[in-house]
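Ready for a few exercises? Have the sequence and the coordinates open, and try each task before you look at its solution.

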Amino acid sequence: MNSFFYYNTIVVVSAVSVFGAASGFLGTLLQLRKQSLLSDAISHATLPGIAIAFLITFLLSNNNKSSFALFAGAAVSSIAGILFLLFLDRSTSLKEDTNLAIVISLFFGAGAFLLGFLKNLPTASAAGLNRFIYGKTASLLASDAFIICGAAIGTITILLLFFKEFNLFLFDKEFTQVQGYSTSSIDLLLGTLTLFLVILGLQAVGLILIIALFVLPALAARCWTDHIRMMLLQASIFGIVSAIMGTVWSSLEEQLPAGALIVLSMGFLFLVSFLFGTKRGSVWTTLKKRKQRQEKNVDLLLQSFSDLIQKTPANSIINMLESRSSYALPSLPIIEIVDMLHWSSVQRSQILRQAKEKNLIFRQKDSITLSPHGLSHALRVLRLHEWQHIFVQFYPDHAQSIHQRKLNKNEREKIRIILKSQFPILFHPSINKLQKDNLP
Amino acid sequence: MNTSPLSIKNLTVHYDNKIALWDIHYEAPEASLIGILGPNGAGKTTLIKAILGIIRATSGSITIFDRPLQRTHHMLSYVPQRGTVDWDYPITALELVCMGLYRSIGWFRRVQKKHWEKAYHALEQVGMQSFAHRQIGALSGGQQQRIFIARALVQDASIYFMDEPFAGVDAKTEASILILLRTLKKEKKTIFVVHHDLSSATKTFDHIILLNTTIIANGTVKKTMTPEYLKRTFGSSTTLYEEETALQ
Amino acid sequence: MTWTSTDSWILFNTLLVIINCVLPGVFLVLRKNSLLGDGISHAVLPGIAFAFLLTGTRNSIFLFLGAVAAGLLLAFLIEFLQKHLALEKNAILGAVFTLLFATGLVLIEQGARNVDLDPSCVLFGAVEISPLARISIGAIKIPEASIRLMLLLLLNTTLLLLFYKELNIMSFDPMLAKSLGYRITLANYLFIIDVAITAVSVFEIAGSIQTVAFLTIPAATASLFTKHVRNTILMAIFFGILAAIGGYMIAVVIPLNIGVPDTNVGGGTSIMAGIILFIVIFLTKGLKKPNVVR
């Protein structure tokens with residue numbers, strides 16, 4: 001019994017992982033084509049076909065179910081769904097999401113209509129139908145596994161074979177969004193593969209949860225990267241990991257539906273990605289933004305001394321830097337600063353406190369003066385500022401990436417020379433020491 | 001007391017994890033036609049959206065006639081780029097123009113005859129009155145542009161922001177829009193126009209803002225439209241302009 | 001088959017269901033948010049399961065509140081994730097409703113196995129049994145369901161009349177609305193709350209199949225040729241009524257008359273709505289240009 005249990009679990013886990021990889025991979029491609037919910041339409045569209053197949057096999061042979069017939073019915077009917085979707089898209093002014101919703105509700109309604117005729121039939125057969133909607137109520141079996149695995153491997157192979165084409169088709173140079181349905185062969189291929197996977201995964205997971213397998217891993221991957229290869233890889237890995245987690249969990253709690261547990265595992269991975277993802281995670285971005293804003297605000301404060309500094313003769317400033325004092329520099333009334341920067345009073349006291357903690361300013365009752373340390377930093381900020389202005393004007397094509405781009409040596413030299421000729425004071429050694437980043 | 005129609009200090013705007021605008025300082029002149037020029041992605045539309053409060057600025061201040069944005073919405077009006085709207089929406093040209101009045105009509109109150117008349121009058125000003133009852137999707141590009149302008153006109157604003165109003169319209173429409181803008185200027189309004197065509201900019205505007213994530217230059221046409229400044233703003237794409245001016 | 005008062009009530013209730021769905025449904029279609037209806041229909045499951053586990057009863061008021069709460073949770077999560085992730089809206093919708101549904105399934109299996117809380121009832125609906133619980137008002141016995149639907153209709157009609165122009169401006173041009181000073185986020189939430197309340201009320205009485213179909217299909221059919229939003233609403237109601245009557249015919253009247261068992265009314269009305277859509281597409285071909293196909 002034990003060895004059978006382990007055999008069963010391992011087979012199921014392997015199959016489901018491969019399936020998770022395939023659906024994660026395919027789901028990412030669909031999402032990039034802005035067709036995330038195609039799986040929703042396909043899965044709902046299977047219902048009429050399943051109902052008809054059921055009716056036919058019931059009437060013909062009084063057999064409670066023939067898997068093949070149900071699959072065939074599902075396939076035919078979902079193909080009809082896709083065709084109807086294409087028809088709506090090309091013949092009407094209706095929007096994409098409207099068309100999806102129409103196909104979903106119409107086909108599902110047709111399915112319910114047909115199924116309604118069967119409501120008086122013995123429940124054993126009806127249970128088979130329920131499985132298509134809710135998935136297996138218990139663990140998956142090895143027999144399910146082989147079908148799933150075969151489908152998944154086939155899909156992945158095809159996806160990898162055509163990966164170059166997908167890549168070219170989806171993107172121009174960098175990461176650009178592409179919109180709208182298209183009857184090009186790539187879209188057709190994506191649709192067919194989705195259909196294939198959906199139908200074969202339906203009976204394991206149920207027609208509503210199957211959607212999650214295409215959406216969640218892709219979404220989780222997007223929290224970490226925007227590069228397509230990494231996205232595909234990560235989505236596949238997320239698919240595998242959550243499939244394993246879910247299946248193992250389900251084998252421990254046999255009465256809980258396997259599909260739901262896999263989806264919940266995916267949800268967990270998504271949650272983790274959402275909170276901590278480096279590209280889009282909320283904890284990460286919030287922390288980063290807060291740090292940026294703090295630094296920027298203190299810099300803005302220092303910047304408000306720029307006018308004063310530029311009015312002071314250069315010799316005076318050099319003296320102050322050498323003697324490590326800033327007595328010659330007048331103080332700035334706080335009202336003027338507030339007027340310049342339009343901070344709320346709460347923000348203002350917070351920023352002034354931060355600047356004081358960093359030893360940049362001295363505070364009198366109504367005004368602030370720069371400390372010697374503050375003077376050096378104010379000059380640093382001024383230098384950075386002027387540097388950016390010069391950069392933008394000499395490399396206007398790169399203006400938009402100024403804050404991310406790292407320059408090469410020639411470019412840095414060029415700007416350095418210009419800056420030095422305009423503001424020699426900014427290159428005093430005490431300021432050079434303060435430089436971080438790669439700015440000259 | 002600052003009576004400048006628009007005063008921007010230290011504006012920074014993050015967009016999509018990138019810094020779209022930084023270090024923007026600007027004081028607008030009154031009763032002027034001001035062109036906003038810059039290369040693709042320079043942040044021209046972002047600047048307008050930040051001023052109107054459609055996107056949130058990261059830092060800095062914007063004041064309209066020395067008052068904050070929250071209290072001066074009614075003084076501003078906006079003509080967006082054409083592609084931003086669903087043209088299948090079941091409304092007519094007259095209804096679209098009337099939408100400019102909804103806020104001033106107020107919650108829970110109905111649109112009355114006087115409002116419809118005002119909207120119709122605005123359509124007349126742009127020469128679109130015969131299309132008043134056409135569904136907006138049945139209009140051509142230039143016509144759609146004009147009803148957007150009519151919607152802005154109906155608001156009786158003091159400051160207008162127009163995003164590429166001349167894009168993709170025929171010469172006749174362009175001329176009529178220009179006449180309209182000059183009329184507005186005579187009525188002491190301040191009009192900002194994001195513009196894409198350098199050669200026509202010198203003839204159209206009184207003042208120019210050269211923008212490329214930060215303001216490179218701003219002032220009168222004569223002061224700003226120099227080859228040097230243009231080169232610094234547009235970089236490699238100025239060659240076209242130089243050729244054009246050389247031909248003239 | 002003889003037509004009884006029960007049939008009349010079922011039909012009446014179906015009509016109320018339709019109008020209630022069409023009113024917010026038109027704006028869902030106009031705002032390109034039609035899939036929200038499908039999302040809500042699946043997302044309510046955990047709300048119902050949770051309410052049932054919490055209160056131990058199948059009293060419909062608690063299940064109703066649970067379902068509405070789940071709908072609101074869906075709306076909130078979508079807005080929240082959308083703000084932080086800036087990714088395709090439908091992907092986020094799909095992620096959230098499937099997760100909620102999975103949670104619901106687990107809750108049901110976990111706690112409610114001994115009692116029959118059949119999820120398929122929520123899906124397939126029971127408008128057929130809606131006339132059964134009747135309340136007396138004056139001399140007439142009115143089904144409780146009809147009363148609730150009429151109250152819902154009162155709510156939806158009032159909201160529509162009060163906020164007609166604001167609804168339109170926010171659906172058509174949210175940027176203009178923002179620049180005029182409207183609070184878009186708040187308004188969006190309020191709209192979705194109304195959709196959730198409507199959807200859940202209707203689910204309970206008529207099941208989710210009809211609901212999703214009626215939130216979308218009649219409005220979509222009308223939008224193929226209308227020039228005014230007011231006409232879209234009126235024509236959508238008209239198409240909905242046709243679908244209801246036709247649906248009842250093909251689901252109940254005709255089968256019973258030919259000796260076949262009757263079937264799910266919700267399914268029948270959905271099919272009729274689709275047939276009407278198909279016909280109208282052919283009648284209005286060329287009136288509005290289809291999307292640019294790339």
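The exercises below concern a predicted model, and each comes with a worked solution.

**Exercise 1.** Work out how far apart the end C-alpha atoms of helix α3 of chain A should be, and compare that with the model.

*Solution.* Start with the length: α3(A) covers residues 67–91, which is 25 residues. Next, apply 1.5 Å a residue, counting one residue less than the helix holds; the expected span is 36 Å. Finally, look at the model, where the end C-alpha atoms are 36 Å apart, so expectation and model agree. While you are on this helix, note its buried residues, among them A:Ala69, A:Leu70, A:Gly73, A:Ala74 and A:Ser77. A:Asp89 is buried as well.

**Exercise 2.** Describe the make-up of chain A and decide where its coordinates call for caution.

*Solution.* First, the inventory: chain A has 19 helices and three strands. Of its 440 residues, 44% are buried. Among contacts between residues at least 6 apart in sequence, 76% join residues at least 24 apart.

Now turn to confidence. The mean pLDDT of chain A is 78, with 80% of residues at 70 or more. Helix α9 (residues 209–222) of chain A has the highest confidence, a mean of 93, whereas helix α5 (residues 123–134) has the lowest, at 60. Residues 172–183 of chain A fall below 50, although the stretch has 18 contacts in the model beyond near neighbours in sequence. Where pLDDT is low, predicted coordinates should not be read in detail.

**Exercise 3.** Trace the open six-stranded sheet of chain B and place a helix on it.

*Solution.* Begin with the order, β6-β7-β8-β3-β9-β10, in which the pairing is mixed. The edges are β6 (76–79) and β10 (214–220), each pairing on one side only. From one strand to the next, the twist averages 15°.

Then take one pair: β6(B) and β7(B) (residues 159–163) run parallel over four bridges, and B:Phe161 in β7(B) is the bridge partner of B:Tyr78. Last comes the helix: α6 (residues 171–186) of chain B packs on the sheet, touching β3, β7 and β8. The direction of α6(B) makes about 150° with that of β8(B).

**Exercise 4.** Which elements of chain C give two or more residues to the side that touches chain B?

*Solution.* Count the contacts first: 21 residues of chain C meet 22 residues of chain B. The elements asked for are α6 (144–172), α7 (174–180) and α10 (229–257) of chain C. By residue type, the chain C side divides into nine nonpolar, six polar and six charged.

Key
Residues numbered from 1 in each chain as written. Chains lettered and ligands numbered in written order. Predicted model: local features only at pLDDT ≥ 70, side-chain atom pairs only at ≥ 80, totals over all residues. Buried ≥ 20, exposed ≤ 12 C-beta atoms within 10 Å, placed from the backbone. Contact = placed C-beta atoms within 7 Å. Nonpolar A, V, L, I, M, F, W, Y, C, P; charged D, E, K, R; others polar. pLDDT = per-residue confidence, 0-100. Pairing = 2+ DSSP bridges. Axes fitted to C-alpha atoms, helices over the stretch in contact; angles between N-to-C directions.
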